[in-house]
Structures are given as C-alpha cells and as structure tokens.
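Hi everyone, thanks for making time for this. I'd like to walk you through a structure that is new to most of us, so please have a look at it first.

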Amino acid sequence: MPRPKRGLIVREPYAGWIVDGVKTWEIRKHPTRVRGPIGIVSGGRLIGQVDVVGVEGPFGAEELAAHEDRHRAGGFLEAYAQGKPLWAWVLENPRRYPEPLPVPPRRGRMLWVNLDGVQWPGSDQTEP
C-alpha cells in the first residue's frame, strides 16, 4: 500500500472508526477532487490511512440519517450542516498503523496536512 502524501485531520472517535473500517463515509461541507490514499491524522499523529474513492451528494442532514451505518455521525449532522448541503467522501481500504506517527506541527486551522515531514519507520519507502 503506497504511503499517503497528505493527511486529513479528523477528531476522535471518528478517526479511529475510519482506520478500523467502521466509518466508510466522511461527511464534509464540500466535495473533494482528491482520490487515492490519504493519511488520517488525529491529535497530531498519523494513525493510519484510507483510500478516497469517490464523493456522494449533496445531501441534506435529514437524508443522511438513513446512512448512519456508513457515516456514524449521529445527531451531530444537523448542527454541522446549518441548513446547507453536505457531501459524503467515500472511503475504502482502511489501515490502522501499528504505532501512530508524529506529524510535524503546523500553524493555523487546517483540513489537510502535508505528510512530507513524517518520519516513517525503516527504510521501505512504500510501507509504514
């Protein structure tokens, strides 16, 4: 599995659910053109990776209630949406790393982080 070049910042418990394969849709206020492997970053650590394979939507918060088994966001969606449409980023091939890897700190509020500064264990350039 190739190493991701960018990481998506996700709060717990959602980040853990993504890399464990429990959460297969990440709900966001905008679609993404990103496809392929991305890292999942939580609490300043890269905890695993997943592939973004597509985007579904737009959805209203009430429509997403029927897909709770995919996004696991519960009642949070209504407040998050604030009456605006939401998008489901479709995730596949989750993998939790044996040990979380520190991500160099960045300033400001961000959605994505560049993973170039991550110190990957060992010398293999394709596997963490």
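Let me start with one term. A salt bridge, as I use it here, is a side-chain nitrogen of Lys or Arg within 4 Å of a carboxyl oxygen of Asp or Glu. With that in hand, please keep in mind that what you see is a predicted model.

How confident is the predictor in this protein, on average? The mean pLDDT is 91, and 95% of the residues score at least 70. Going element by element, H1 has the highest mean pLDDT, at 98, while helix H4, residues 76–81, has the lowest, at 87. A general word of caution: where pLDDT is low, the predicted coordinates should not be read in detail.

Now to the charges. How many salt bridges does the structure hold? There are 3, and I'd like to visit each one.

Let's begin with Asp20 and Arg96, whose closest N and O atoms are 2.9 Å apart. At 2.9 Å, the pair is a salt bridge because the cut-off asks for a nitrogen within 4 Å of the oxygen. Where in the chain do these two partners sit? Asp20 is in the loop between helix H1 (14–19) and strand S2 (25–28), and Arg96 is in strand S5, which covers residues 86–102. The pair therefore links distant parts of the chain, with the two positions 76 residues apart in numbering. Both partners are partly exposed: Asp20 has a relative accessibility of 44%, and Arg96 has 41%.

Next, let's move to Glu26. The side chain of Glu26 meets that of Lys23 in a salt bridge, at 3.3 Å from N to O. Glu26 also pairs with Arg28, and here the closest N and O atoms are 2.9 Å apart. Since they share partners, these salt bridges join Lys23, Glu26 and Arg28 into one network.

Are the members of that network buried or exposed? Glu26 is buried, at 6% relative accessibility, and Lys23 is buried as well, at 4%. Arg28 is buried too, like its partner Glu26.

Let's turn to the surface. Which residues form a positive patch there? They are Arg11, Lys29, Lys84 and Arg109. Arg11 lies in the loop between strand S1 (6–9) and H1. With a relative accessible area of 58%, Arg11 is exposed, because the cut-off for that word is over 50%.

That loop is worth a second look, as Arg11 has company there. Val10 is also placed in the loop between S1 and H1, but Val10 is buried, at 5% relative accessibility. Val10 and Val41 are 31 residues apart in sequence, and their C-alpha atoms are 6.1 Å apart in space. Glu12 belongs to the loop between S1 and H1 as well, and at 45% relative accessibility Glu12 counts as partly exposed. From Glu12 to Leu91 there are 79 residues in sequence and 17 Å in space, C-alpha to C-alpha.

One last stop is helix H4, where we find Ala81. Ala81 is buried, with a relative accessible area of 5%. The C-alpha atoms of Ala81 and Phe59 are separated by 9.7 Å, and the two residues are 22 apart along the chain.

If you take one picture home, let it be the network of Lys23, Glu26 and Arg28 joined by shared salt bridges. Thanks for listening!

Technical notes. Residues numbered from 1 in each chain as written. Predicted model: local features only at pLDDT ≥ 70, side-chain atom pairs only at ≥ 80, totals over all residues. Heavy atoms only, no water. Helix = DSSP H or I, 4+ residues; strand = E, 2+ residues; numbered from the N terminus. Buried < 20%, exposed > 50% of the residue type's maximum accessible area, 1.4 Å probe, protein only. Patch = residues over 30% accessible without salt bridge, like charges linked within 9 Å, V, L, I, M, F, W, Y side chains within 5 Å. Areas by Shrake-Rupley, 256 points an atom, 1.4 Å probe, with all protein chains shown as cover. Lys, Arg positive; Asp, Glu negative; His and termini not counted. Charge placed at Lys NZ, Arg CZ, Asp CG, Glu CD. pLDDT = per-residue confidence, 0-100.
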